[in-house]
Amino acid sequence: MVILGLESSCDETAAALVTADRRVLAHKLAGQEAAHAPYGGVVPEIAARAHVEVLGPLVQAALAEADMTLADVDAVAATAGPGLIGGVMVGLVTGKALAHAAAKPLLAINHLEGHALSPRLADPTLAFPYLLLLVSGGHCQLLLVEGVARYRRLATTIDDAAGEAFDKTAKLLGLGFPGGPAVEAAARDGNPQAVPLPRPLTGSAEPHFSFAGLKAAVARAVGTASPADLAASFQQAVVDCLIDRTRRALKTAPVATALVVAGGVAANGAVRAGLEALAAEHQLRFVAPPLWLCTDNAAMIAWAGVERFQAGYTDPLDTVARPRWPLDPVAEPVRGAGV
Ligand code: ATP
Ligand code: MG
Ligand code: FE
């Protein structure tokens with residue numbers, strides 16, 4: 001079985017071909033950093049236009065690399081949300097058109113399900129249920145992944161996502177855009193104890209995350225220490241928050257077979273190391289996807305397509321694009337952007 005995956009929910013345009021036996025036959029990705037850099041963040045209209053321009057050629061390049069045509073794929077999987085609605089529409093409409101033209105089933109994929117299942121593409125031995133820390137540009141959640149399409153949200157952020165805090169910190173420190181990798185690089189030369197910064201909600205009985213206060217504290221501290229020391233201190237504060245909240249969740253999710261991390265912030269070495277130590281403390285396996293699978297890509301969308309198709313799901317051609325789309329349908333509404 002071969003699934004074509006399309007991703008366009010933020011500022012990466014991507015197309016990939018993935019098989020049911022976990023072979024990534026092709027994965028093509030076009031970032032838009034240069035287009036957004038002058039604005040210090042992603043501009044939705046610029047992103048949508050860029051997706052329109054490059055998605056078709058990326059699909060052709062992926063098919064060419066795998067020496068295939070659309071007739072060879074079993075289904076087309078496209079991100080249908082959540083994300084910047086213009087970009088999501090570009091990918092979903094393209095997916096619908098390709099599926100219709102080739103008379104193949106459509107799979108409308110939740111981008112968060114792509115992140116959530118991505119560790120299983122890289123690691124065939126990772127079984128359900130697992131405790132997942134999903135840390136990305138727009139989300140920071142702890143989920144019990146019980147199976148395909150079965151997610152129980154245990155915690156979310158009440159304000160900002162961790163990736164957003166990395167991006168804001170990079171901007172404040174003049175490290176450029178995108179921020180996560182720049183902060184991580186700067187932190188290598190800094191002292192994580194140099195600047196005292198808050199760890200919001202750590203030690204709290206409630207399960208959620210919060211990063212707004214940390215972001216504000218970084219803004220106040222700019223100029224009082226070197227960018228390297230500030231970056232290192234900030235990164236350590238984020239790691240401490242993630243570890244504290246995950247440790248708390250481990251107490252309520254005793255059935256988990258592994259501690260798993262996914263999403264763009266999972267590419268961070270300090271985050272990975274902290275979680276690995278936490279898993280070892282609990283005699284749990286730790287699984288993190290390779291770096292290229294952490295940040296947005298289409299292989300994870302194709303893989304979520306494989307898993308859903310095998311579970312019997314397909315979606316109608318009138319499926320709508322959704323700017324917001326919680327993974328857990330019964331999740332309590334929580335204020336803020338992380339829902
Ligand atoms: P979402 O998945 O929530 O819709 P998104 O798709 O924009 O958001 P991802 O591509 O999954 O997010 O992740 C991008 C985020 O990951 C950005 O905030 C970026 O700064 C952060 N990030 C990427 N690499 C690193 C790193 N090495 N260290 C810390 N953060 C990182
Ligand atoms: Mg991006
Ligand atoms: Fe993402």
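Two residues are in contact if their C-beta atoms, placed from the backbone, lie within 7 Å. The model is predicted, and local features need pLDDT of at least 70 while side-chain atom pairs count only at pLDDT 80 or more, whereas totals for chains, interfaces and linings use all residues. Residues are numbered from 1 along each chain as its sequence is written, and chains are lettered from A and ligands numbered from 1 in the order in which they are written.

**Exercise 1. Describe how the two domains meet.**

Step 1. The chain is divided into domain 1 (2-117 + 292-311) and domain 2 (127-288), with bounds that come from an automatic or database domain assignment.

Step 2. Between the C-alpha centres of domain 1 and domain 2 there is a distance of 26 Å, and 14 residues of domain 1 are in contact with 19 residues of domain 2.

Step 3. On the side of domain 1 that touches domain 2, α1 (33-36), α4 and α11 (299-310) each supply at least two residues, and the largest share, 3 residues, comes from α4. Helices (H or I, at least four residues) and strands (E, at least two) are DSSP runs, numbered from the N terminus.

**Exercise 2. Work out the surroundings of strand β6.**

Step 1. In β6 (residues 130-135), 6 of its 6 residues are buried, where buried means that 20 or more other C-beta atoms lie within 10 Å of a residue's own, with C-beta atoms placed from the backbone.

Step 2. Tyr-130, Leu-132 and Leu-134 lie on one side of β6, and Leu-131, Leu-133 and Val-135 on the other, so that both faces are covered.

Step 3. Two strands pair if DSSP finds at least two bridges between them; β6 pairs with β7 (residues 140-147) in the antiparallel sense over 6 bridges, and a hairpin of 4 residues joins them. With β9 (residues 258-262), β6 runs parallel and shares 4 bridges.

Step 4. Leu-132 has Leu-143 as its bridge partner in β7 and Val-260 as its bridge partner in β9.

**Exercise 3. Characterise the shell around ligand 1.**

Step 1. There are 24 residues around ligand 1, of which Gly-137, Gly-138, Gly-163, Gly-180 and Gly-264 come nearest; a residue counts as near if its C-beta atom, placed from the backbone, lies within 6 Å.

Step 2. The shell draws at least three residues from each of domain 1 and domain 2, and its largest share, 4 residues, comes from α6.

How values were computed
A residue is buried if 20 or more other C-beta atoms lie within 10 Å of its own, exposed if 12 or fewer, and partly exposed in between; C-beta atoms are placed from the backbone.
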